[in-house]
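Reader: Could you walk me through this complex? I'd like to start with one of the interfaces and then move on to the membrane part and the backbone.

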Amino acid sequence: MSDRLVEVRDVSVVFHKKALFKKTRSVEAVKSVSFGIDRGETLGLVGESGSGKSTTGRAVLKLVPVASGDITVGGQNLTDLNGRALRKARRRMQMVFQDPYSSLDPSATVAASISEPLMVHDHVSARAARARALELIELVGLRASHADRYPYEFSGGQRQRIAIARAIALNPDFIVCDEAVSALDVSTQNQVINLLERLRTEFDLAYLFIAHDLAIVRHISHRVAVMYLGRIVESGPAERVYNEPAHPYTQALLSAIPNPSPHRRADRRIVLAGEVPDPARPPSGCPFRTRCAFAMDICAERMPEHTAINGGGEVACHLQTSGPELSGAPLGDLTAAAIRRA
Amino acid sequence: MLRLLGTRLLTMVPLLLVVSFLIYGLIALVPGGPETALAGSNPTPEKLAMVREQLGLNEPFLVQYWNWFTAAVQGDLGNSFVNGQSVWSAIAGGFPVTLSLVALTLLIAAVLGLGLGLAAALRPGSWIDRTATIIASLFMSLPYFWVGMMLVLVFAIDLRILPAIGYVSFAQSPTDWFLHLITPAFALAIVPVAVVARQTRAAVTGVMTEDYVRTAEAKGLRPIRLVGKHVLKNAAVPVVTAFGVEANRLIGATVVMEQLFALPGVGKLTYFSVFSRDFPMVQGILLITAILIMFVNLAVDLSYGYFNPKIKAT
Amino acid sequence: MLSIEDLRIDFATDRGWVNVLNGVSFDVGKNEIVVLVGESGSGKTVTSLSVLGLVPRAHSRKTSGHIWYDGKDLTELPIGELRDIRGNEISMIFQEPMTSLNPAFTVGDQIAEAYRRHRGGKKKAALARAAEMLDLVGIPNAGARVRDYPHEFSGGMRQRAMIAMALICEPRLLIADEPTTALDVTVQAQIVELLIRLRDETGCGILFITHDLGVVAELADKVVVMYAGEVVETSLARDLYIQPKHPYTEGLLSAMPQQGVRGQELPTIPGRTPEPWSMPSGCRFSPRCSHAVEECGKAAIPLRVLDDGRACRCCRSGDLALGGVR
Amino acid sequence: SGKPGDLNPGSTSTAAGQPAQNVACPPTDKGAIDKNATFTWMYSVANTSFDPDKVTTSNSWMYLFPVYDTLTRLNANGEPEAMLAKKWEVGDGGKTLTLDLIENWKYHDGTPFDAKSVKANLDRHRAKGSFNEQALSDVKKVDVSGDSTVKITTGHGAAPLISILASSAGMMMSPAVFDDPKQANMPTGGSGAFKVTGYDPATKVEYTAVKDYWDPDALNVAKMIFLISSSDNARLNAVMTGQADATFLRSAMYQPAKDGGLVVCQKPSLASFTIALNTTHAPFDKKEAREALNYAIDRKSINQLMQGFCQPGIQMFPTSYYASDPDLTAEKYPYDPAKARELLKAAGVPSGFEFTLETDNLESYTSVAELIQANLQQAGIKMKIQPVELPKLMENFSVNKTADAVMVQQKADADPSIQIAAFYLKNGFSNPGNYTNAKVVELDAEAKAAQSKEERAAVYKKLFQEAYADAAPPVTLCHLNTPLAMNAKVQGVEVYVDGSRQFRGVAIKK
Amino acid sequence: MPRPKEPAVRRKRAGRFAQLARRFAGNKPAVAGGILLFVILVVTMGAPLFAPYTPEQINIADRLSGPTPAHWLGTDALGRDTLSRLLFGGQISLAASALSVAIATLIGLPLGILAGYVGRGPDWLLNRASDILMTFPALVLTIAIIAVVGPGLTTAMISLGIVYSARLFRVIRSATLVVRQEVYIEASISIGTANHTILWRRILPNVLPTLLIQVSFLLASALLAEVTISLLGLGALPPTASWGSMLGQAFAEIRGTPSLAVFPGIAIALATLSFNLVGDGLRDSFGRATRKAEG
Ligand SMILES: Nc1ncnc2c1ncn2[C@@H]1O[C@H](COP(=O)(O)OP(=O)(O)OP(=O)(O)O)[C@@H](O)[C@H]1O
Ligand SMILES: Nc1ncnc2c1ncn2[C@@H]1O[C@H](COP(=O)(O)OP(=O)(O)OP(=O)(O)O)[C@@H](O)[C@H]1O
Ligand SMILES: [Mg+2]
Ligand SMILES: [Mg+2]
């Protein structure tokens, strides 16, 4: 019954930093990433800063040049689309950005910002666009009287609502939310999340929900993908990933979530050593091996394959196929001691 | 750093090539030539033709350019049409004067401009700030030659404490050098003082709100060190940029100023050459000033690397 | 050790003087980690800055209050003496590791500078000490990295460098204004561990500021909750989570996404924080409070000290039974 | 005084409002002069070369006089005097000139000054490409007839030569350095009282007196410095502050110079403000149109504008000069716009016409042009003013012949015949329209062959009457009187009627 | 069915600019500058109404008079009324500055936006072109161009405009680069808005503040440049008065009648001052608006 809306296959994105008289430096920000999103589904994308989440989100919308791979949205292959055709295809997919302060043109009124997609795609009259904009403004929980104000007159949460109104103006199928709530205070954040959820069920939207706050991702996502240094290292149904992480990185990430309960102060925390390596000079083999407690010889040699996991999803880790051979079992079944012995 | 310098010098080469071509073209394609002026008070057509021939004005344009350029590369900018003097030595003769004038002007701009700007920036909104701002606005608005004229009338004619015209080289007498240049330099400096003061004020007030200044303050640093070390180095980039722009503008302004003060510099030479259609001289001056400005820009750019190591890295 | 008493601060703005701190009071003891939490704009930063007199003087005024430290009122201390305390007895680290270090000087130079300012000595010795400190905060190859510029450090490393700078003179109190907010969760965890370790090793008191109640739970001994420029609740961490006394604290706790239930709406606090120039009369939280009664809007509510050493600014603190975290 | 308030309105000016036309500069007081002094003169334009054949304008002569003595000399009143030629004689029916040279004099490089060297110089001067080629074009040959006698044979007449040899065409330079191109910048083969000891082109020339000058009376200072600045204010400022000893004044600076306590002296000169016309451009081909121009210009108000330093005049030279008609005063062309209109009718342009006047882009020229513009407007003539720099001006008018008319300050040349040739003869440099008048041509030839000055004067009188009768171009506006200003120590400066700047005999008081 | 009233349309105009105007109005020097500029514009543009004489009316008998009841500001060397010439000359000077700035804008604005927005090849090319233009001192280049083309204010100001266009280009380009990085531009792209619409509706309005500020400063520079050029006799052709040519003429008389140089000097200083003050005011107002927008 799968109703695939978005299909991303082996997508890579490479940035070139050109400098006169210097070698061009290339950063492969996204490396052969694949995933799919069903209609009405939310895929959470998590990972540390610089891991390539935003770039992935942009690549799916073809906002950055895609070096290789295929992207299909609603049956339409975007890979070779360009210019006018691409602009036309954009009506089905929209984006909500992280920073509510910079994602709205400060020189345009709220109504003007919201009507932009309507004018562009439906070529409606200014009056009609405005009428629809007013509807949308109320739909996202603002008042119609706000229509002619400028963004600086609004709080972050309100701006994010405006951005959402703009994103849903054309009844898209798919929205990329890039850290859409990260800049907001906790109570405002929840208001926006609730709004997103409401809209999703109401309009059968699919989200690619990018965030670094794992607690929120858990709440909102059906499935979750974890990125590290440009690669998806683990993906699967949210419940499975959170309860039975299969990749050491996922495990460390989850254990780093601050625990609100003072009774259970973290003694089982895995504090990752060191920092994320420079994406321009990634380590050989598995990118995570430099910080991995379970690193084996093979990890430096080969990039692990994606393996299916019990309970759904995939993981790319040598622990699944070499050494202790977890073969789809969660990481929790293993202890560091066991590894060292093996 | 050296590498950067090297690459920057390399990029200047094509730029210079284009610039030299434009300079030559601009001047050489002038309808009618300088020969009338040179052929005496009653020239015959034959005489005019002879002069043209002598000046090499009958060659095709590109050949003329090429001859000029190859000679220029070897340091020979040709000879003046008007008095036969070597263009290079004429420019070299005027350079110390103009450079002295510009240097003194920039020095005044640095001392007064930085002082005014800093005083204003350290007490934003205070009477010092307001006064400095008003002074800067006024200075920006006064025509510099007008100021120069007024200064001469007061200090040279009425008070008789400064010379009205002329130049004495630094080597000859530093005091006289200074006395002869101070009036024109001060008049020229009014706009740079204003620009530098405004830029300094803006930059310093900007930097003062930076987080790292608060960090430094939280370390217990005293104001002198705080401003002298943490603020100034970071505020320097726009100020140095302003200096670069002003240096460029000043080279133009010397044309008028050297005239008013009978200073034997490149500016006076420019004025004289343009009006006597001394094309080799005009071409030479434009080329040399272009190179000079390129170096000023280069120096300014390189200084960015010192003031902001992050720029150096990229 | 540090005692803030009824601090009130106004700021000059386009709209005239507005009140941004109103009756802030709390103590930080030796060897104690006190966490200040509250939403954006609640006055956390202003509170922390005012301890060291770093609130911009030109646009601010103190209308009442004291900050007692060592028997001296820091707010009345001559600026020279205050400078001797800054970075020496009390030091601070800031939220933005990216901008809090001066890009024009090496990291080592900036760390050593604090040392030389208060301890004097040769530059070389101070640099060696700076390298030691970098090593202490866990930067590998510290001896070489003192010569790096800030832009050559990652965010986490910069924040470590900031901590090294703050600790080089072995202060008695460290004020950390949202030191982890800009960092990744994994790095945040590292920094929190580091601070706890340093507290254990050096015995300095820490005033830690955050808006993330999750982080609070990780390290706080005592929690001070601020709302709209006021302290609304002070409590031992453990007690606060089990049984908040102020409805705002309750709201904050329940709004943590960790508390959410899939498929249900996340709990929220209705409305938004008031702007400093349009503060509601009476209890500042009352317009958003689900427990508000008529009395709440009438008169300013004092910060009442409760029997168990906790304090709360709510006129119904006695009769409300609020829920903590699950 | 020159204060404007004193001037009567309208065109009848009174003597009271005008500065005196003739004020002599302080004479030399032989007893009180400092022979070791330096005299500093400040001028507006630089020289173009130190080689008398390579200069490009007569403005450069000033810089050459101290270095090169001339064969003859025109004194301050324009009368020929002995110089390197002790005396001379016109012979062969006015066709030859025989010069008797001084003896025991050497060029600065040691070459003896003798007849051979004079012939060499004259032959060089008249060679092709020399600046003096034109002035000496009538010379057929030069013969050496003894150690110190030279005979010059001309084609039409030798009379003009006497004056011409007082100019660069008569400057003597050591034949040893003829082919040395360095002479243009650093002359070493001079024959005059000074050597150039410092040269900063366009800025400064420094002269040092030579030892044992043949005419010790004419040498009273040890050094002379000529400074150059085209800024009128800078020049006056320099003299007022003592940085220079003397300079010339534009009319607007006269009163300030006097008020500043400077010594000011002046004398009417042969130089004039003129408007040269291109007679191929209609209606300048019509005599009536040219006459109309003359009637339509208010010469008195130009003089007023020039603060009394430009005496109205209508012929090429002022009436005080021998080559003029004393009856042709400014009254011959009174300011009369109505008459001008009538004449325009006669010229076939009853509703006036339009033309462009090109002139130097200096303020002193453009304001005169503006005044003329307003005058002509009254007569229905629309004149546009186009300021251009001097070389361009000459090019447009004389070479490309595109300009309708130009207004210039016409300097006196070495001899009247040169200026006459430029304006009245075919292919004259200032005659792009090739205006010709048979009678004028005839009289010009006659004047050249005249034996005596008186005889020449009579011929010129007729010539200028003819020119007036035909309203020959140029339109002369007024004759300039350029004052000199100096400090009280300067003695022996003279104002030369021909406008030349010579400082022979200048002295500084102790 | 009656249409609902739409007061909002008017608000829209008011909104952001009202905000700006309020800030500007709160800035005393800026308001003073604005008023000054307004007065200068009114009296110069209304010169035919206000001037007691025509600017070319010569009265040689009354030359170089100081201020008198007949001539409030005196007369010049030709006896022309200084006040009238100042008023008419202002038209010329201001129009000349406006011309050069308009040319600079016409060239610099579109090219700056183009280079900043498109980047790559065009950016490289245009940058080099501006590098080249910037290697010449503006005044020297202008004089050289005039020497070639011949004098005249229009020529002078056009060539000055070309020189200025390089400066404006740089500023607009970097402003565009900043705006281009803004997320709202990416938002527009993600919506599918066409490039020209983005340039017109998103980039242009947001570089407009930068442009306005620059224009006011450039106007001040251009005015001074006009004065310099006319002073050298290369500007306004006689008998046309411009402030620069008036000052040039006054310089000839400065020793005898210094007052002649004072009035054009004051006029120039006041006009320049007003441009600079307005520019500062705009910068401050926009600056604060932007800062506010950033949080
Ligand atoms: N436009 C670009 N040009 C060059 N490099 C880029 C560009 N955008 C991103 N990168 C690089 O690509 C890598 C991935 O960046 P990306 O923004 O996708 O990370 P992210 O996971 O979204 O991080 P964050 O949580 O900080 O937003 C980083 O190393 C970044 O430096
Ligand atoms: N320099 C200033 N001028 C005017 N108002 C200010 C200034 N600094 C802070 N404020 C105001 O003071 C109030 C408290 O600000 P503060 O920075 O202390 O909040 P915070 O709790 O630290 O918020 P955040 O979580 O965003 O850091 C806010 O309303 C803010 O707008
Ligand atoms: Mg991102
Ligand atoms: Mg804060």
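**Contacts, confidence and backbone**

Author: Between chain C and chain A of this predicted model, 10 residue pairs are in polar contact, with both residues at pLDDT 80 or more. Five helices of chain C each give two or more residues to the side that touches chain A, namely helix H6 (155–167), helix H7 (185–202), helix H8 (213–219), helix H9 (237–242) and helix H10 (247–255) of chain C.

Reader: Which of them gives the most to the side of chain C that touches chain A?

Author: H7(C) does, with 7 residues. The residues on that side of chain C divide into 21 nonpolar, 13 polar and 12 charged.

Reader: And how many salt bridges cross the interface of chain C and chain A?

Author: The rule finds 0 salt bridges between chain C and chain A, although the polar contacts just mentioned do join them.

Reader: How much area do chain C and chain A bury between them?

Author: About 3,500 Å² is buried between chain C and chain A, and 52% of that is on carbon and sulfur atoms. The contact takes 46 residues from chain C and 43 residues from chain A.

Reader: Which pair of chains has the most contacts?

Author: Chains A and C, among the 8 pairs of chains that touch. By contrast, no contact joins chain A and chain D, whose closest C-alpha atoms lie 45 Å apart, and chain C and chain D do not touch either, with their nearest C-alpha atoms 48 Å apart.

Reader: OK, switching to chain E. Where does UniProt place the "transmembrane region" feature?

Author: The unreviewed UniProt entry places it at residues 30–51, 94–118, 138–164, 211–237 and 257–278 of chain E. In the model, residues 30–51 of chain E are 91% helix and 0% strand, with the end C-alpha atoms 28 Å apart, while residues 211–237 of chain E are 78% helix and 0% strand, with the end C-alpha atoms 31 Å apart.

Reader: What about the domain annotation, which residues of chain E does it cover?

Author: The annotation "domain: ABC transmembrane type-1", again from an unreviewed UniProt entry, covers residues 90–279 of chain E. Over residues 90–279 the chain is 85% helix and 0% strand, and the end C-alpha atoms are 20 Å apart.

Reader: Which elements of chain E have the lowest and the highest mean pLDDT?

Author: Helix H1 (residues 8–25) of chain E has the lowest, at 57, and helix H4 (residues 82–118) of chain E the highest, at 92. Over residues 1–14 of chain E the pLDDT is below 50, and this stretch has 11 contacts in the model beyond near neighbours in sequence. Residues 288–295 of chain E also stay under 50, and for them the model has 11 contacts beyond four places in sequence. Where pLDDT is low, the predicted coordinates should not be read in detail.

Reader: And for chain E as a whole, and the complex?

Author: Chain E averages a pLDDT of 82, with 91% of the residues scoring at least 70. For the complex, the predictor gives an ipTM of 0.82 and a pTM of 0.84.

Reader: Last topic, the backbone: anything in chain D or chain C I should look at?

Author: In chain D, the peptide bond from Ala282(D) to Pro283(D) is cis, with omega near 0°, and Pro283(D) lies in the loop between strand S13 (272–277) and helix H6 (287–296) of chain D. The peptide bond from Pro473(D) to Pro474(D) is cis as well, with omega near 5°. In chain C, Asp70(C) has a positive phi of about 55° although it is not a glycine, and Asp70(C) is found in the loop between strand S4 (60–69) and strand S5 (72–73) of chain C.

Technical notes
Residues are numbered from 1 along each chain as its sequence is written. Chains are lettered from A and ligands numbered from 1 in the order in which they are written. This is a predicted model: local features need pLDDT of at least 70, side-chain atom pairs count only at pLDDT 80 or more; totals for chains, interfaces and linings use all residues. Side-chain values use heavy atoms; hydrogens and water are left out. UniProt positions are given in the numbering used here, feature names are shortened, and annotations may be inferred rather than shown by experiment. Helices (H or I, at least four residues) and strands (E, at least two) are DSSP runs, numbered from the N terminus. pLDDT is the predictor's confidence in each residue, from 0 to 100. Contact means heavy atoms within 4.5 Å. Buried area is the accessible area (1.4 Å probe) that two parts lose on being put together, summed over both. A salt bridge is a side-chain nitrogen of Lys or Arg within 4 Å of a carboxyl oxygen of Asp or Glu. A polar contact is a pair of N or O atoms within 3.5 Å; within protein, one must be able to donate a hydrogen and the other to accept it, and residues adjacent in sequence count only if both atoms are side-chain atoms. Ala, Val, Leu, Ile, Met, Phe, Trp, Tyr, Cys and Pro count as nonpolar, Asp, Glu, Lys and Arg as charged, and the others, Gly among them, as polar.
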